[in-house]
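Welcome, and please get your viewer ready. We will go from one selection to the next, with a short look at what is there each time.

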Amino acid sequence: MNRMALNSLLLIGKDKKVARIDFSMGLNVISGPSDTGKTYIFQCLEYCLGAGAVPKDIKEVEGYTKLKLSFSIGKKEFTICRDLYTSNVEFYEVAVDNIKDDIIPLKFSYLKISEVLMDKLGIKNVKLLQKSDGTTVNLTIGKFRALSFIDETEIQSENSPFVSEQYTKSTQEKAFINHILTGIDYNDIIKSDSKEVAQAKIQAKIELLEELIGKNVQIPNEDEIKENFEQIEKLKNAISVANNKFLDINNSIKNLEASRENKYKDIVKIKSIIAYKEETIKRFELLFRRYTIDIERLNAILQSSNLFLSNENQLIVCPLCGTEKENKDEKINPQYINSIKESCEKEIFKIEGLKSELKITLDTIYNEINSQKSILLVLNKELDDIKNNLSIIVKREILNVRDELYQLYSRKASLDAQSIRYNQLKELSDLKETNKDLLKNKPAKLKYEAKIKTATMSELCQYIYDTLKMWDFPELKAVSFSETYNDIVIGDKDRKAFGKGYRAITRSALNISLMKYCLEKNLPHLGFIVLDSPVLTFRGIDKKLENGNDVISDELKNNFYINLASTDKDSQIIIIENKEPPLSIIDKIRYIHFTKIKGQGRYGFIPMDD
């Protein structure tokens with residue numbers, strides 16, 4: 001199958017400015033506010049490639065009548081022109097800029113678009129199973145559009161990305177997925193051959209299936225498959241219990257760390273109080289010593305005064321100035337000496353009172369310091385206990401749970417691989433038995449099915465896992481396929497169980513990985529993908545995936561864009577978003593930004609009248 005790449009989209013009307021947008025290989029991003037024509041571009045691209053729904057009728061398109069889409073298939077360029085209000089289609093085998101007046105287009109109704117495109121893509125007469133009785137339908141371009149165009153509603157939907165809710169279409173939708181992943185053409189399976197040729201083909205298939213199954217390989221019975229399933233379920237429960245235990249331990253660690261921080265704060269506060277009180281004591285002790293010295297000095301004055309009064313003939317020292325005097329040469333006024341004594345006694349009494357009060361204050365502060373030191377001892381002991389508990393939890397409990405989880409996941413991975421192998425063997429064995437029934441010439445009793453099987457999806461699931469891992473999708477353990485919901489399972493959680501933000505990003509990973517898988521395996525795919533609003537973000541990093549999360553982290557969004565910016569130039573990704581991509585990749589991609597501001601950059605898809 002050839003690959004398609006979108007080059008240019010033009011909206012044309014008489015006396016109207018042409019609205020045009022160009023694309024390149026690799027990553028293309030169109031961003032801007034609402035009502036700038038982003039979703040209209042999406043609808044126009046689908047419409048040009050055969051979709052029945054006309055793009056929504058908005059005020060800005062008044063006067064416009066025709067769409068032109070220029071695209072490449074392989075090395076050839078084509079242009080498809082489709083009227084907005086009629087069924088008329090014109091098809092040119094040149095690029096839109098090379099259309100000349102002398103070039104006559106192929107003209108047909110839009111109903112023939114699929115036939116023309118499928119022919120150019122090199123896909124002819126591929127049949128899809130429509131009913132279990134063997135009825136088939138032709139593979140059309142519409143099936144490929146469903147893989148390449150994912151609008152805002154579909155990208156956030158809980159529905160299967162492969163099978164719609166329309167029961168009448170589910171069989172052929174499953175058949176289509178089987179076709180692109182395995183190359184199955186139901187025309188080869190169901191068409192009638194001569195009995196000899198048919199039996200020879202069937203016998204060849206049986207021999208191939210026996211080779212695939214292998215010699216001396218015991219096909220698992222229902223009991224073995226059931227036991228394997230039950231063990232996986234038990235392991236899921238054990239993993240859930242261990243994860244809860246791990247979360248409980250983390251909560252305990254957080255609580256202990258919070259308690260440790262509070263103890264640190266209390267200890268710092270107590271030490272500050274003690275330091276302040278000890279500094280206060282130093283100052284009060286200096287004052288206490290000063291009071292003692294003052295009392296001693298005043299007592300010395302009293303003693304000198306008494307000597308002065310008791311011995312008039314003795315040479316004595318003046319109690320105030322310290323000068324030696326001889327009593328016989330001077331007249332002494334006893335009243336003056338007594339007044340000195342009285343002043344000293346009063347001062348001593350006053351200082352003794354202050355000293356006594358100061359002593360009480362000092363004793364109180366000493367007691368407070370001792371009390372604070374006792375509290376400090378208790379706090380330090382409690383802090384040591386917390387540190388010991390943290391050490392025990394980190395070194396013992398959390399390591400034990402981590403080892404337990406590792407063993408559980410290892411065991412589950414082994415059982416999952418065994419389950420896939422069981423399913424593959426069972427499917428191959430069932431197919432072999434079906435072909436054996438055909439050899440017995442009992443086709444009338446045969447019923448055909450187009451079930452999407454786990455074994456068919458296993459390699460694609462690995463591609464999806466690798467993609468999500470590169471985007472650093474949180475809590476990513478494994479990606480598998482649910483035959484019940486025809487959708488992927490991330491870890492142990494169905495994709496539809498996530499909030500719409502995570503549904504959008506995982507749906508993007510699925511379709512991008514599918515395109516990459518088909519291109520690398522040379523399987524059918526158009527070769528491009530258009531995503532409308534794949535990322536719903538919030539500020540910050542969310543590592544917990546809880547039901548109802550409607551947004552993803554900016555970190556995941558940035559990883560999404562950075563990874564896609566390195567997209568192989570052999571494929572094409574077009575993203576339509578309100579928010580702009582990271583600045584670091586702008587110069588590495590084709591970036592078109594609508595401002596919705598006249599005179600500032602590009603207003604929107606449709607030119608604004610001056």
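**First stop: a strand residue and its contacts**

Select Ile 592 and show what surrounds it. Leaving aside neighbours within four places in sequence, Ile 592 is in contact with Ile 21, Asp 22, Val 29, Ile 30 and Ser 31. Please keep in mind that you are looking at a predicted model. Ile 592 itself sits in strand β20, which covers residues 590-593. Is Ile 592 buried or exposed? Its relative accessibility is 11%, so Ile 592 counts as buried. Now add Arg 602 to the selection: this residue is 10 positions from Ile 592 in sequence, and the two C-alpha atoms are 8.5 Å apart in space.

**Zoom out: the whole chain**

Switch to a cartoon view of everything. The protein has 12 helices and 20 strands. Colour by burial if you like: of the 610 residues, 42% count as buried. A contact map is worth drawing too, since you may enjoy its off-diagonal part. Among contacts with a separation of 6 or more, 70% are between residues 24 or more positions apart. If you turn on the surface, its accessible area is about 33700 Å², and 49% of that belongs to carbon and sulfur atoms.

**Next: a pair of cysteines**

Select Cys 44 and Cys 48 and show their side chains. How many disulfides does a search of the whole structure find? The count is zero. For this pair, you can put a distance label on the two sulfurs. The cysteine sulfur closest to that of Cys 44 is in Cys 48, 6.6 Å away, which is too far for a bond. Looking from the other side, the closest cysteine sulfur to that of Cys 48 is the one in Cys 44, again at 6.6 Å. The cut-off for a disulfide is 2.5 Å between the sulfur atoms. Cys 44 is buried, at 0% relative accessibility, and Cys 48 is buried with a relative accessible area of 0% as well.

**Then: helix α2**

Select residues 113-121, which make up helix α2. The buried residues here include Ile 113, Val 116, Leu 117 and Leu 121, along with Ser 114 and Met 118. Step on to Gly 122, which follows α2 and has a positive phi, near 85°.

**Two helix pairs to compare in your viewer**

Start with helix α5 (residues 167-182) and helix α10 (residues 454-470). These two pack at an angle of about 60°, with axes 11 Å apart. That angle makes α5 oblique to α10. Their crossing is left-handed. To see where they meet, show Asn 178, Leu 181 and Thr 182 from α5 against Thr 456, Met 457 and Leu 460 from α10.

While you are in α10, pick out Thr 454, which belongs to that helix. With a relative accessibility of 15%, Thr 454 counts as buried. Not counting residues up to four places away in sequence, Thr 454 touches Asn 423, Glu 427, Phe 481 and Glu 483.

Now select helix α11 (residues 500-520) and helix α12 (residues 554-564), which pack at an angle of about 15° with their axes 12 Å apart. That makes α11 roughly parallel to α12. The crossing of α11 past α12 is left-handed. For a last selection, show the side chains that meet: Tyr 502, Ile 505, Ser 508 and Ile 512 in α11, with Leu 556, Phe 560 and Leu 564 in α12.

Conventions:
Residues numbered from 1 in each chain as written. Predicted model: local features only at pLDDT ≥ 70, side-chain atom pairs only at ≥ 80, totals over all residues. Heavy atoms only, no water. Helix = DSSP H or I, 4+ residues; strand = E, 2+ residues; numbered from the N terminus. Buried < 20%, exposed > 50% of the residue type's maximum accessible area, 1.4 Å probe, protein only. Contact = heavy atoms within 4.5 Å. Areas by Shrake-Rupley, 256 points an atom, 1.4 Å probe, with all protein chains shown as cover. Axes fitted to C-alpha atoms, helices over the stretch in contact; angles between N-to-C directions. Parallel < 35°, antiparallel > 145°, perpendicular 65-115°, else oblique. Left-handed = near helix turned anticlockwise from the far one by under 90°.
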